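Please look through the structure shown here with a view to how its residues are covered, grouped and spaced. The paragraphs below take up one position after another.

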Amino acid sequence: MDPQQVLTISRDGLLILLTVCAPILLVVLAVGIIVSVFQAATQIHESTLSFVPKLLAAVGVCAVAGPWMMQTLVDYLRNMLLLIPQAAG
């Protein structure tokens with residue numbers, strides 16, 4: 001296995017990581033901004049008010065996008081396992 005293959009595999013792994021994490025991160029970011037604006041407008045500074053909506057949004061995204069995320073990770077893992085004989089030989 002040459003250095004170019006290692007860099008390609010690493011790049012693909014990071015791209016899969018970003019692709020799988022992006023939906024959760026973006027939704028939680030949007031919910032956090034909305035809750036922060038609401039807290040600033042109403043001057044309510046309750047810590048659970050910022051945590052619970054983010055948690056519910058993350059669970060909702062996992063429920064909706066979870067099968068796609070798992071399939072993407074399984075496909076990547078399958079490809080990596082199939083590359084083991086090529087790397088060893």
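A useful place to begin is T72, which counts as buried because its relative accessibility is 16%, where buried means under 20% relative accessible area, exposed means over 50%, and partly exposed lies in between (1.4 Å probe, protein chains only). The model is a predicted one, in which local features need pLDDT of at least 70 and side-chain atom pairs count only at pLDDT 80 or more, while totals for chains, interfaces and linings use all residues. Residues are numbered from 1 along each chain as its sequence is written, and side-chain values use heavy atoms, with hydrogens and water left out.

T72 belongs to helix α2; helices (H or I, at least four residues) and strands (E, at least two) are DSSP runs numbered from the N terminus. Once neighbours within four places in sequence are set aside, T72 is in contact with I16 and V20, contact being heavy atoms within 4.5 Å.

V20 also appears in the largest nonpolar core, whose 6 residues are V20, I24, A58, V61, A65 and M69. Such a core is a set of buried Ala, Val, Leu, Ile, Met, Phe, Trp, Tyr and Cys residues joined through side-chain atoms within 4.5 Å. Both α1 (3-42) and α2 (47-82) supply at least two residues of this core, and α2 gives the most, with 4 residues. In soluble globular proteins, nonpolar side chains tend to be buried together.

Not every residue of α2 is covered in this way, however. A63, found in helix α2, is exposed, because its relative accessible area is 59%; the C-alpha atom of A63 is separated by 34 Å from that of V6, 57 residues apart along the chain. L55, which lies in helix α2, counts as partly exposed at 43% relative accessibility. L55 joins F51, V52, L56 and V59 in a nonpolar patch on the surface, with about 490 Å² of accessible area together.

What is the count of disulfides? The count comes to 0 disulfides, a disulfide being a pair of cysteine sulfur atoms within 2.5 Å. For C21, the closest cysteine sulfur is that of C62, and the distance of 9.7 Å is too far for a bond. As for their cover, C21 counts as partly exposed at 32% relative accessibility, and C62 is likewise partly exposed, with a relative accessible area of 38%.

Methods: Patch = residues over 30% accessible without salt bridge, like charges linked within 9 Å, V, L, I, M, F, W, Y side chains within 5 Å. Areas by Shrake-Rupley, 256 points an atom, 1.4 Å probe, with all protein chains shown as cover. Salt bridge = Lys/Arg side-chain N within 4 Å of Asp/Glu carboxyl O.
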